[in-house]
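Visitor: I would like a close look at a single part of this assembly, namely chain C. Please take me through its fold, its core and the places where the other chains touch it.

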Amino acid sequence: MSDAILIPEEMPRLPVGPTARRGVGWWGVWCLVMTESALFVYLLFSYYYSAVQFDAGWLPHGHAPSMRLALPDTIVLLLSSLAMWFGDRGVRRGSRVQNVAGIGIAIILGAIFVAVQLLEWSGKDFTPRSGEYGSLYYTITGFHLAHVIAGLVVLLVVLVWSALGYFNPRRSAPVLIASVYWHFVDVVWLFVFATFYLSPYAMW
Amino acid sequence: MGNATTPLSFLQGFGIKAYPVTALTWGLLIISIVVCVIITLLVLIGIWRRRATGAWAADVTPVRGASGMSWIVIGVGISSIALAVTLVWTVVVLAAINAPPTKPGLTIEVTGQQWWWKARYLSDDSSRILTTANEFHIPTGVPVRVRLIGADVIHSFWVPALAGKTDTIPGQTNITWIEANIPGRYEGQCTEYCGLQHGHMQFYIVAQSPAEFRAWWDAQLQPAAPPASPAIKEGERQFVFHCGACHTVRGTSAGGAVAPDLTHLMSRQTIAAGTLPNNIATLSGWIANPQSLKPGTLMPTLYLSGPELTDIRSFLETLK
Amino acid sequence: MTATVTTTVTSTSDIERTPEIASADIVTGRGALERIWETAPGIIGFFSSVDHKEIGKRYIVTAFAFLIAGGIEAMVMRVQLARPNAHVLTPEQYNQLFSTHGITMIFLYALPVLSGFSNFLWPLMFGSRDMAFPRLNALSYWVFIAAGLFIYAGFAIGAGPNDGWFNYVPLASLPYNPGMNMDFYALGMIFLGVSTSVGAANFVVTVMRTRAPGMSIDRLPIMAWGTLTASVANLLVVPAVSLAFFMLWLDRQFNTHFFDVANNGQPLLWQHLFWFFGHPWVYAIVLPAMAMVSEGLPTFCRRPLVGFNLVALSTVATMLLGFGVWVHHMFATGLPNLPLAVFSGASIIITIPSAVAVFAWVATIWLGRPVITTAFLFFASMIGLFVIGGVSGFMTASVPVDWQLTDTYFIVAHIHYVLIGINVFPVCGGIYYWFPKMTGRMMNERLGRWNFWVMFIGFNLCFLPMHWTGLRGMPRRVYTYADGMGWDTLNLITSIGGFVFAAGVFLLVINVLHSLRHGRIAGANPWGAATLEWSVPSPPPPYNFAVIPQVASRNPLWEDHLPPDGPARSVIREGLVLDHGKETIGTTPLDAVPNIILKMPADSLSPFILTIGMAAFFVGLLVHLWWLAAVGAFVMLVALLIWLWPERELAERAEIAP
């Protein structure tokens, strides 16, 4: 444990204001990720708690939903995370072009995800009122969709700030924080996808 | 019998499912009281013996003092022994009361609903299946399986002198068992908050010798006797008209299933799930204005005329 | 929206600098810090302040207002229950009262009051100038009071919550609860959850990153451990209850089927979600208060806490185990024997870390020189009350016994011993202890003794007999009871005791109000205590510390009297100046080595406006005015943009290359 008592002659230069990981914003977004992850744990718990009470007849039409739209959509979201990572690297390399391009592509891919998700919803023959499965399906995917949309708003704002030249390699915390949130949204989707589209095969 | 002055007390048990639990309860109570006394004395004596009299806090020089770890080690050590005993004793009792020692001789299906209790006595012989309400007889010395059904919201079936409580939950059937070994009248109470009249949702378990129980069951199976006089017949007519949509009296055309079966109403000592004793005055008052006696009850106030009221009540008084 | 800050040194465009080290007297003499940190007076200052001390005091005062409201609700109930078959209240009135009483005490008093103390004290204890997120701090307060008023609005119009604070379905569902009562509660709780969550995040980051140089993990004041543990737990479990309430609201408004049995809904899902939150929550509302006792008792026993490391560890252990016992609220729901035994065992074992704390406190008294003051009386009496509450809980941990005890007045006795004994009594001790620091005045000792004894006697008169009432079988949550059950006298005594207890609380309020005007002036350290908050003036200046202290032990102000921890000594009067604007030091989480100069935001109206938008949003949802909800959401978005827009002053923007 440290017994360092500060001596003026030995005092190092310290960064002023938020740098990428040393600022408090970095810690703050991880607290946000922690609590939002817990939320999705409880949502998915609700699904599994109900699912184990029934047999495969609980599912609409008695079988797992088709991955026709959901699987490509998953890939779209993963690519969008990749784009965001690319953009984050851009700002740390000092390239505003790469920064803006990366975030921009992430936003476009994210918007495609939203569109495809809504398309899938419109193609379902059950509603949130159709029964407990319907309530769970739309609420869980809906919560995720809401997080995606919120993330798109965040990315859009960060894109604007990037384009305005607010960031450089030293001052880039918002980009990193936004990308943490965006990756979190992506990881959550993997769990949601696995629950709705894959777990029925394991359970029944 | 049961416990006359404290009918819902569980400090004394009256059946083989209750005895081990009562012993455990008393055991833990004694341990708890001893712990409280010891710690309280330690605090009081410590303050008394060690206090710095008359000084102002800031004037008493702080010292590091002894580490005091032995206090924690010894204290926690002794506590752990009590806790370990409790854990083992708990598991032993849990296993002991899990299932009756012999196969249940009777199964009753109890439904908790706002704010009364329905019971269906099951039997392999379908002509012996009996539906009644709020006062249930059981034979002494025989384990009784109780299947608990939830009709609307969550209630809890509790007859403290005989057993702990189990909830009635819509969508699932919970199973418990009770056994009385001393004849008597044991009070029960709903113990899961269930709305306006949760406080007036009692029931009674009446334990009788097996022979008396069988006689009771036989009597309860009888439909209502045909009306002995024109006045009673008129009362029956009024009853079917005003009350038959909700209540059943076998032997009449009143066949409603959402309210207590009244075929042998006068064999019960209370009405409205223990809210009132069963006599002429309370019966009249209840029929005339249930909302004033048990506000929020699902039985509506019917605005009967005096003669109608008297007729119905006279009819009900024949339902022994 | 941000107030303009005038600084004498305007080099906010530094990327890096070597922070100046100077003596406190020189820095105070310059006068710059005062100007940099003070809140503007008047209405704008009131709504825009991000000063943690201000926010902390507001939390405490608001929480106490709710305490009194909840107390009045209880008094009315006790009048109804003093005699059998009373007709003071209708069943509906009683049900709304007991539900609102529980909600008020558990959600609107118990956690906020502890948040208030932590808010006020933490930066002062850590040698810092503010919390990590000052604006978020303000937001957590505004949302708290807005959500509290939201819930009470329902109560005020006769549509208060009426299904208990635990709100089981199906009774809370639309068919059995058609009024708006549940909607006020459900939406209000989601609203309140925002406050709890952001507050928790603030505490976690503050304790990890904004401590004075040298305040390594093993030198943290014990109060940090209590609130930190509670905050981490809240981050993890608040979403469970918010989700449960959201699902209930959806079931009620949009005919979804989470809980309705007719469509495969699961009533017990509610209970699992609620209690998975609820049990850690009850530890969140006592562990920080226990930590307050661990702070104050050593001061009045003139020695460091016995077994400090074990007590810190036991705090964390209690919360960890606390995640594993939630099913003990569901023992009567018809579970199989194996989970019953497991959760029973866990609920018995969780007693052990609590025993560590109890014996540490007892030992601190026996191995110290106790000085009896009102604060000490509250802290010391808490030990006895804690044990009574603890053993009644221990009894319910045993499943077969719980099957008799649960839902009787025995549980009511238990919860009040743990809540009043482990939260209210330490809070009262904390008021007497820290009032001098907050206001610069001492509270009246004579009145304090009366306050303590009336509260203590009243409390025990009210709740000790309740154990017996429960053992005699009186069920909970009943608006009246029959005579001849053996409960009459006990209930009368309880009611009388309740009024005596209320009188005691009244004396506390009197003492506070009287002492604000006429209390004896307190200096920086009237109790001769050990921790850093006692090194600054009372009340502290807006900037807390003229220079950031440097910490070398757990008891910096006692280093003259205690054997040293290591080679160095704490230095209070000399340290980092950090006066190039609103600044404080950021340090590494474990060893507290300075590694960043944190720029703190100026006072801002954004948190308040964000709250107004959020309130409009929830009101819109409540009354189905979707346009209002949309407007509210829009206001929230705008407020957030303004709040988060990168600012030069906070060094969030790249500097334009010259």
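Guide: Chain C, in this predicted model, contains 20 helices and 6 strands. Its radius of gyration is 25 Å, close to the 26 Å that the globule rule gives for 658 residues, so chain C is as compact as a globular protein of that length. The C-alpha trace of chain C spans about 80 × 65 × 50 Å along its principal axes. Of the 658 residues of chain C, 67% count as buried, and among the contacts in chain C with a separation of 6 or more, 80% are between residues 24 or more positions apart.

The interior can be taken next. The largest nonpolar core has 365 residues, and those with the most contacts inside it are C:Phe191, C:Leu273, C:Ala360 and C:Val362. The element that gives the most to this core is helix H8 of chain C, residues 222-254, with 22 residues. One of the residues just named, C:Ala360, can be followed further: leaving aside its neighbours within four places in sequence, C:Ala360 is in contact with C:Leu305, C:Val306, C:Gly307, C:Leu310 and C:Val311, and also with B:Ile72 from chain B.

That last partner leads to the contact with chain B, which takes 84 residues from chain C and 77 residues from chain B. On the chain B side, the elements that give two or more residues are helix H1 (18-50), helix H2 (69-98) and strand E7 (166-168), and the largest share, 16 residues, comes from H2(B). By class, the residues of the side of chain B that touches chain C divide into 41 nonpolar, 29 polar and 7 charged.

Chain A also touches chain C, with 46 residues of chain A in contact with 63 residues of chain C. The elements of chain A that give two or more residues to this side are strand E1 (14-15), helix H1 (24-51) and helix H4 (132-163), and H1(A) provides the largest share, 14 residues. The side of chain A that touches chain C has 27 nonpolar, 12 polar and 7 charged residues. Strand pairing is also found between these two chains, where 2 bridges join E1(A) to strand E1 of chain C, residues 16-17, and the two strands run antiparallel. Within this pairing, A:Pro15 stands opposite C:Glu16 in E1(C).

Two details of the backbone of chain C remain, and both lie in loops between helices. The peptide bond from C:Val169 to C:Pro170 is cis, with omega near 0°, and C:Pro170 lies in the loop between helix H6 (134-156) and helix H7 (181-209) of chain C. The other detail is C:His624, which has a positive phi of about 65° although it is not a glycine, and which lies in the loop between helix H19 (606-622) and helix H20 (626-644) of chain C. C:His624 counts as exposed because 10 other C-beta atoms lie within 10 Å of its own, and the cut-off for that class is 12 or fewer.

Technical notes. Residues numbered from 1 in each chain as written. Chains lettered and ligands numbered in written order. Predicted model: local features only at pLDDT ≥ 70, side-chain atom pairs only at ≥ 80, totals over all residues. Contact = placed C-beta atoms within 7 Å. Helix = DSSP H or I, 4+ residues; strand = E, 2+ residues; numbered from the N terminus. Nonpolar A, V, L, I, M, F, W, Y, C, P; charged D, E, K, R; others polar. Pairing = 2+ DSSP bridges. Core = buried A, V, L, I, M, F, W, Y, C linked by C-beta atoms within 7 Å. Buried ≥ 20, exposed ≤ 12 C-beta atoms within 10 Å, placed from the backbone. Rg over C-alpha atoms; globule rule 2.2 N^0.38 Å.
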